[in-house]
Amino acid sequence: MRRRLLIALGFAACLPIVQVGSPPRASAQDVKPLRVVSEQTVKGFAFPESVGYDSQARVLYVSEFGSALKPLEKDGKGRISRVSLTGQILDRQFLPGAGEVLNKPKGIWIAGNRLWVTDIDVVWVFDLKTRRGKKLALPGIQFANDPAVMGKALYVSDNRGDQVFRVEPADFLETSSEPKVTRLFQGKSVNPNGVYPGRDSSLLVVGFMSPEVSRGIYSVSAGGEVKTLAPNLGRLDGLYQMDDGTLLITDWNSGSLLRWSAKGTETLAKGFKGPADFCVVPEAGGGMLVVVPDLVQSELRLVRLAR
């Protein structure tokens with residue numbers, strides 16, 4: 001997980017995009033109920049906005065503002081911490097490496113040994129083994145929010161600019177030439193926050209506007225056609241599509257972690273002040289650990305779910 005600071009604190013594999021469509025409409029018998037097995041709150045963070053899961057090393061990476069809850073301040077105090085699956089901080093500043101600076105890092109995406117993170121008006125790609133990074137400026141972006149990789153392209157949401165950028169190739173760490181940057185769409189009243197590769201090859205997007213103006217869930221085609229899947233749900237931040245086609249989302253209006261399907265929404269966990277961009281760690285037996293950063297309360301909530 002924005003027009004003005006007090007409104008906008010909710011910032012915060014893959015197939016090619018080829019067509020538009022909604023997530024598979026799971027029937028009643030397909031949507032298996034989820035129950036919360038346990039919840040644990042871990043403190044000691046400095047305004048965490050996003051959590052990414054490294055399935056190879058089985059660790060978490062947490063982007064932190066570091067200094068203050070000022071999402072556009074370029075103070076060089078942002079960082080990415082390396083954290084165990086129980087919430088223990090293993091490396092307070094794993095990234096950036098020596099000579100590199102993060103300001104207010106937000107959304108994280110991890111694939112293989114690469115980590116992408118947005119930071120105000122740029123997107124970074126880092127090598128998780130060497131910690132070497134490279135940043136790319138995105139001309140015309142107002143508030144770089146959440147990244148997602150699909151195929152060889154990287155998609156970056158711009159909440160304030162109401163647009164999504166496409167970067168090709170996604171992994172530009174070793175490239176000698178500048179990546180190609182284009183807009184997937186702009187000005188559709190989506191105010192995109194979280195983005196995620198849809199199972200039907202579309203790009204899934206959730207929107208975040210203000211407490212008074214709600215946004216919903218959207219599906220976007222390769223050509224930028226936007227289809228509304230669920231309108232006016234709230235101020236939506238994090239997004240994840242489950243194997244049954246249903247979605248996990250976080251909502252600032254209700255302060256909740258929700259599950260959405262064609263039948264509606266159900267609340268899985270509540271009591272958040274700023275539920276931002278979470279990650280999901282699959283577990284045995286179809287269960288999962290959902291790690292939700294609370295940006296406002298400077299803590300992580302570890303929510304364990306079972307079927």
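Buried means under 20% relative accessible area, exposed means over 50%, and partly exposed lies in between (1.4 Å probe, protein chains only). The structure is a predicted model, in which local features need pLDDT of at least 70 and side-chain atom pairs count only at pLDDT 80 or more, while totals for chains, interfaces and linings use all residues. Residues are numbered from 1 along each chain as its sequence is written, and side-chain values use heavy atoms, with hydrogens and water left out.

**Exercise 1.** Determine where D244 and R259 lie and whether each is buried or exposed.

Solution. Begin with the contact: the side chains of D244 and R259 form a salt bridge (a side-chain nitrogen of Lys or Arg within 4 Å of a carboxyl oxygen of Asp or Glu), with an N to O distance of 2.7 Å. Next, place the partners: D244 belongs to the loop between β18 (236-241) and β19 (247-251), and R259 to strand β20 (residues 256-261), so that the pair links distant parts of the chain, 15 residues apart. Strands here are DSSP runs (E, at least two residues), numbered from the N terminus. Finally, D244 has a relative accessible area of 14% and is buried, and R259, at 2%, is buried as well.

**Exercise 2.** Work out which parts of the chain the salt bridge between K104 and D75 ties together.

Solution. The N to O distance between the side chains of K104 and D75 is 2.9 Å. Because K104 sits in the loop between β5 (89-95) and β6 (108-111) and D75 in the loop between β3 (59-64) and β4 (79-83), the pair ties together parts 29 residues apart in sequence. As to accessibility, K104 is buried at 0%, whereas D75 is partly exposed at 26%.

**Exercise 3.** Explain what surrounds E100, given that E100 is buried yet has no salt bridge.

Solution. First, E100 is located in the loop between β5 and β6. The nearest side chain of opposite charge (Lys and Arg count as positive, Asp and Glu as negative; His and the chain ends are not counted) is R132, 7.2 Å away. A polar atom of the E100 side chain does, however, lie 3.2 Å from the backbone nitrogen of G133. Leaving aside residues up to four places away in sequence, E100 touches W124, F126, R131, R132 and G133, where contact means heavy atoms within 4.5 Å.

**Exercise 4.** State how many salt bridges a search of the whole structure finds.

Solution. The search finds 15 salt bridges.

How values were computed: Helix = DSSP H or I, 4+ residues; strand = E, 2+ residues; numbered from the N terminus. Polar contact = N/O pair within 3.5 Å; in protein donor to acceptor, adjacent residues only side chain to side chain.
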